[in-house]
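Let's take a walk through this one together, starting at one end and working inward. Have the sequence and the 3D view open side by side.

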Amino acid sequence: MQTNLAENYTSSAEEIVERLRNGEEHLRGYLLENYRGYILSIVSKIIGKQAQSTDEFSVALQAFNEAIDRYDAEKNDSFLAFSGMVINRRIIDHVRKSSKFSSEYPFTYFEANDNEHYIEKIASQEPSVFTHK
């Protein structure tokens, strides 16, 4: 049951999600494309910079798609508020996960004449690595 896409311009996001659930799968792309600016604005607010082609934007698109699948009109009044919450949480999870690995050191970090200096530097940042229990 395909409908004219011109009808979508007068439909709310909640109505489009409902129609999508009723089998109009072509509307998923419509939602993703037409709410791209909304998704970008959320990502930009969180990361503090333009997010046109960042990992965070990819995470946000996946989160918006997840919100489409998980939205329940009985529990949430607004699809956009719900999707914004999902995007926000997924990006924060992504940033936390990414920052977890920011204290890794490449092997070349230790290739210097003064190895003691580097070992002391790392030991001061991560004392639990060098302490024996």
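Start with helix 1, residues 13-21, where Ala13, Ile16, Val17, Arg19 and Leu20 are buried. They sit on the same side of helix 1, because together they cover an arc of only 160° around the axis. Keep in mind as you look around that this is a predicted model. Just past the end of helix 1 comes Gly23, with a positive phi near 110°.

Arg19 deserves a second look, since a charged side chain is on that list of buried residues. What does the side chain of Arg19 meet in a salt bridge? The partner is Glu24, with N and O 3.2 Å apart. Arg19 has a relative accessible area of 14% and Glu24 one of 6%; buried means under 20%, so both ends of this salt bridge count as buried.

Now follow the nonpolar residues inward. The largest nonpolar core has 25 residues, and the members that touch the most others are Leu31, Phe64, Phe79 and Ile87. Helices 1, 2 (27-34), 3 (36-47), 4 and 5 each put in at least two residues. Helix 4 gives the largest share, with seven. Leu31 is a handy place to stand: leaving out residues up to four places away in sequence, Leu31 touches Ile16, Val17 and Leu20, plus Phe64 and Ile68. Three of those names, Ile16, Val17 and Leu20, should ring a bell from the buried list of helix 1.

From Phe64, move on to the rings. The whole structure has four aromatic pairs. In one of them, Phe64 and Phe79 have ring centres 5.4 Å apart and planes at 75°, which makes the pair edge-to-face. Phe64 belongs to helix 4 and Phe79 to helix 5, so this pair ties together parts that are 15 residues apart in sequence. Both rings are buried: Phe64 has a relative accessible area of 0%, and Phe79 is at 0% too.

Tyr71 and Phe82 make another pair, with centres 6.0 Å apart and planes at 55°, so this one counts as tilted. Here Tyr71 comes from the loop between helix 4 and helix 5, while Phe82 is in helix 5, so the parts being tied together are eleven residues apart in sequence. Tyr71 and Phe82 are both buried. Step back and you'll see that ring pairs link Tyr35, Phe64, Tyr71, Phe79 and Phe82 into a cluster.

Back to charges for the last stop. There are six salt bridges in the structure, and one of them joins Glu66 to Arg70, with the closest N and O atoms 3.0 Å apart. Why can these two pair up along a helix? Glu66 and Arg70 are four residues apart in helix 4 (residues 55-70), so about one helical turn separates them. An α-helix has 3.6 residues a turn, so residues three or four places apart point the same way. Glu66 is partly exposed at 22%, whereas Arg70 is exposed at 53%.

Helix 5 (residues 79-100) has a similar arrangement in Arg90 and Asp93, three residues apart and about one turn of the helix. Their side chains form a salt bridge at 4.0 Å, N to O. Arg90 is partly exposed, at 28%, and so is Asp93, at 40%. Salt bridges with shared partners join Glu66, Arg70, Arg90 and Asp93 into one network.

Terms used:
Residues are numbered from 1 along each chain as its sequence is written. This is a predicted model: local features need pLDDT of at least 70, side-chain atom pairs count only at pLDDT 80 or more; totals for chains, interfaces and linings use all residues. Side-chain values use heavy atoms; hydrogens and water are left out. Buried means under 20% relative accessible area, exposed over 50%, partly exposed in between (1.4 Å probe, protein chains only). The arc is that of the directions from the helix axis to the C-beta atoms. A nonpolar core is a set of buried Ala, Val, Leu, Ile, Met, Phe, Trp, Tyr and Cys residues joined through side-chain atoms within 4.5 Å. Contact means heavy atoms within 4.5 Å. Rings of Phe, Tyr and Trp (its six-membered ring) pair if their centres lie within 6.5 Å; planes under 30 degrees apart count as stacked, over 60 as edge-to-face and the rest as tilted.
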